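Colleague: I'm new to reading models like this one, and I'd like to understand one part well. Please pick the inner packing and walk me through it slowly, explaining your terms as you go.

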Amino acid sequence: MASGILEVVLVDCKGIREKEFLVKMNPYVVIRYGNQECKSSVTRGEGKKPVWNEKFTFNAEYPGGEDHKYKLTFHIMDKHEISDDVFVGETTIYVKDVVSLGVETGKAELRRGKYRVVLPDKTYAGEICVAVNFTSNV
């Protein structure tokens, strides 16, 4: 079994729906890969067009068994100071091919791309921009 580092670059979001009428959103993103989790910073007052430009790293193994282990999920949340944070939408990216190729060649990437955001009612609104790199621990 080979292992390596999966690096995720969270760039920005555009066109996501605000949940409140009079107040701009304070979005952040919870990124999950397997049983690992990272959280972006909260972008205050940026509303529907937050920009992060943040990098996150996850440990990855190949082969790792079932396909669900190669799934990156991005949960977009709206930070509330007084009440519970509100779920805005999510995106899922399957990275099995990136990890597999990275194990073979030492490095592989999914270039910066835009992915649709799925809302709680299973409709789409907006997009999230992400890049993914895998570097093998050879």
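Modeller: Happy to! Contact means heavy atoms within 4.5 Å, while helices (H or I, at least four residues) and strands (E, at least two) are DSSP runs, numbered from the N terminus. What you see is a predicted model, in which local features need pLDDT of at least 70, side-chain atom pairs count only at pLDDT 80 or more, and totals for chains, interfaces and linings use all residues. Residues are numbered from 1 along each chain as its sequence is written, and side-chain values use heavy atoms, with hydrogens and water left out.

Let's start at helix 1, which covers residues 96-105. Its buried residues are Val-98, Val-99, Ser-100 and Gly-102. (Buried is under 20% relative accessible area, exposed is over 50%, and partly exposed is in between, with a 1.4 Å probe and protein chains only.) These buried residues pack against strand 1 (2-14), strand 2 (27-33), strand 4 (51-62), strand 7 (107-118) and strand 8 (124-136). After helix 1 comes Gly-106, with a positive phi near 100°.

Now look for the largest nonpolar core, which has 29 residues. (Such a core is a set of buried Ala, Val, Leu, Ile, Met, Phe, Trp, Tyr and Cys residues joined through side-chain atoms within 4.5 Å.) Leu-6, Tyr-33, Phe-58, Leu-72, Phe-74, Val-95 and Ile-128 have the most contacts inside this core. At least two core residues come from each of strand 1, strand 2, strand 4, strand 5 (71-78), strand 6 (86-94), helix 1, strand 7 and strand 8.

Leu-72 is a good place to zoom in. Setting aside neighbours within four places in sequence, Leu-72 is in contact with Leu-6, Val-8, Ile-31, Arg-32, Tyr-33, Phe-58, Thr-91, Thr-92, Ile-93, Val-95 and Val-132.

One name on that list, Thr-91, deserves a stop of its own. Thr-91 lies in strand 6 and is buried, since its relative accessible area is 3%. The side chain of Thr-91 reaches the backbone oxygen of Arg-116 at 3.0 Å. (That is a polar contact: a pair of N or O atoms within 3.5 Å where, within protein, one must be able to donate a hydrogen and the other to accept it, and residues adjacent in sequence count only if both atoms are side-chain atoms.) Not counting residues up to four places away in sequence, Thr-91 also touches Leu-72, Thr-73, Phe-74, Tyr-115, Val-117 and Ile-128 besides Arg-116.

Next come the rings, where the structure holds two aromatic pairs. (Rings of Phe, Tyr and Trp, the last by its six-membered ring, pair if their centres lie within 6.5 Å; planes under 30 degrees apart are stacked, over 60 edge-to-face and the rest tilted.) Tyr-33 and Phe-58 make a tilted pair, 6.1 Å centre to centre with 55° between the planes. Tyr-33 belongs to strand 2 and Phe-58 to strand 4, so this pair ties together parts that are 25 residues apart in sequence. Both Tyr-33 and Phe-58 are buried. The rings of Tyr-62 and Tyr-70 have centres 5.9 Å apart and planes at 55°, so this pair is tilted too.

Stay with Tyr-62 for a moment. Tyr-62 lies in strand 4 and counts as partly exposed because its relative accessibility is 23%, while its partner Tyr-70 counts as buried at 1%. Leaving out residues up to four places away in sequence, Tyr-62 touches Met-1, Ala-2, Tyr-70, Lys-96, Val-99, Ser-100 and Val-103. Two of those, Val-99 and Ser-100, are among the buried residues of helix 1. The C-alpha atoms of Tyr-62 and Gly-4 are separated by 8.6 Å, with their positions 58 residues apart along the chain. Just after Tyr-62, the peptide bond to Pro-63 is cis, with omega near -10°, and Pro-63 is found in the loop between strand 4 and strand 5.

Finally, see how strand 8 is held between its neighbours in the pairing. (Two strands pair if DSSP finds at least two bridges between them.) Strand 8 runs antiparallel to strand 1, joined by 10 bridges, and antiparallel to strand 7, joined by nine. Ile-128 of strand 8, which you met in the core, stands opposite Cys-13. On the strand 7 side, Lys-114 has Cys-129 of strand 8 as its bridge partner.
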